[in-house]
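Could you walk me through this protein model, from its overall layout down to single residues? I would like to see how the helices pack and what sits in the core.

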Amino acid sequence: MKIYNIKFLFAALCASFLVVGCSNDDDDNGGGTPPPAEVDFTGTYSQVDHMGRPGINTVLSGSADIKNMHNVTIPSMMQATFQADFEAQLEGLHDAYAVLLGFTAEQVNYEPNILGVILNGGMETSEDNPNPVSAAVLTTVLSNDVLEVAPNAPTTYFNPGSGYPGFDGAIGFTGRTLQDDVIDVSLILLFGGETGARFNGQDGFPQLVTDGVAITADNITTSFPYIGAPE
């Protein structure tokens, strides 16, 4: 299993941008390729939105003010600025479901997720072999809202491989394809627990690990925006 290091992948992404920026493919004007249009970047601009992982800001920002601030914050400042708020919101969502289900908050706390099982090599977690993905760890990663890319690995937002309990062949955070259901993956990491199926709509628990919306092959197009009309 390879869950790629966040910092390494972000550095690789920056490096790939530099490589693309140095390409001279556009210099071939004799073969009919038009020169790139000149864009005027003079003036004063302000950032109004940010989208690394879809849905994270929406789910974990506890107020409209936090959400708006997140949209205009640069990635290097996100972790220090939002991790505590994101963790409080994650715990608050579980507390709200505890009340809804008639349990105490302690009975419906956040449960470390499948990434911890994968990082532990599929071994059963215990006091001596704890799941390392606590609420603090998860929100530390998610608060730094960037999409990582691994240029030398298959591109996927997350592939669970053989699934629970071993997750053999699992791979994640190497990029994103149009077929990746990023919202379901995010919900599983937030509410799925160690099996990925906690809050799966059974045994009296609400369905929180999927939005119930699938992307089908005939919903992918070859032209912008590359997604067909809602079905």
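We start with the whole chain, then turn to the core, the helix pairs and a few individual residues.

This is a predicted model, in which local features need pLDDT of at least 70 and side-chain atom pairs count only at pLDDT 80 or more, while totals for chains, interfaces and linings use all residues. Residues are numbered from 1 along each chain as its sequence is written, and side-chain values use heavy atoms, with hydrogens and water left out.

The protein chain has seven helices and three strands. Here helices (H or I, at least four residues) and strands (E, at least two) are DSSP runs, numbered from the N terminus. Following the sequence, you will meet them in the order β-α-α-α-α-α-α-β-β-α. Of the 231 residues in the protein chain, 33% are buried; buried means under 20% relative accessible area, exposed means over 50%, and partly exposed is in between, using a 1.4 Å probe and protein chains only. A contact means heavy atoms within 4.5 Å. Taking the contacts between residues at least 6 apart in sequence, 61% join residues at least 24 apart.

Now to the interior. In soluble globular proteins, nonpolar side chains tend to be buried together. A nonpolar core is defined as a set of buried Ala, Val, Leu, Ile, Met, Phe, Trp, Tyr and Cys residues joined through side-chain atoms within 4.5 Å. The largest such core in this model has 32 residues, and Leu60, Leu90, Leu138, Leu190 and Phe191 have the most contacts inside it. At least two residues of this core come from each of helix H2 (56-60), H4, helix H5 (114-119), helix H6 (135-143) and H7. H7 gives the most, with six residues. For a look at one of these positions, try leucine 90: leaving aside residues up to four places away in sequence, leucine 90 touches Leu60, Tyr110, Ala135, Leu138, Thr139 and Leu190.

Leucine 90 also takes part in the packing of H4 against H6. The axes of these two helices come within 8 Å and cross at roughly 130°. Axes are lines fitted to C-alpha atoms, for helices over the stretch in contact, and angles run from 0 to 180 degrees between N-to-C directions. H4 and H6 are therefore oblique to each other; angles under 35 degrees count as roughly parallel, over 145 as roughly antiparallel, 65 to 115 as roughly perpendicular and the rest as oblique. The residues that meet include Phe82, Phe86 and Leu90 in H4 and Ala135, Leu138 and Leu142 in H6. By class, this contact has eight nonpolar, five polar and two charged residues. For these classes, Ala, Val, Leu, Ile, Met, Phe, Trp, Tyr, Cys and Pro count as nonpolar, Asp, Glu, Lys and Arg as charged, and the others, Gly among them, as polar.

H4 has another partner in helix H3. H3 (residues 64-71) and H4 (residues 75-101) pack at about 155°, with their axes 11 Å apart, and are therefore roughly antiparallel to each other. Ile66, Met69 and His70 of H3 make the contact with Met78, Thr81, Phe82, Asp85 and Phe86 of H4. These residues divide into five nonpolar, two polar and one charged.

Two residues with polar side chains deserve a look as well. Serine 186, in helix H7, is buried, with a relative accessible area of 8%. Beyond residues up to four places away in sequence, serine 186 touches Pro54, Ile56 and Tyr157. Asparagine 113 is in the loop between H4 and H5 and is buried too, at a relative accessible area of 0%. With the same sequence neighbours left out, asparagine 113 touches Asn131, Val133, Leu138, Leu189, Gly193 and Glu194.

Finally, the backbone. Tyrosine 164 and proline 165 are joined by a cis peptide bond, with omega about 10°; proline 165 is in the loop between strand E2 (158-159) and strand E3 (171-172). Another cis peptide bond joins phenylalanine 224 and proline 225, with omega about 5°, and proline 225 is in the segment after helix H7 (182-191). Tyrosine 226 lies in the segment after H7 and has a positive phi, near 70°; this tyrosine is partly exposed, with a relative accessible area of 37%. Aspartate 203, found in the segment after H7, has a positive phi near 55° and counts as exposed at 76% relative accessibility.
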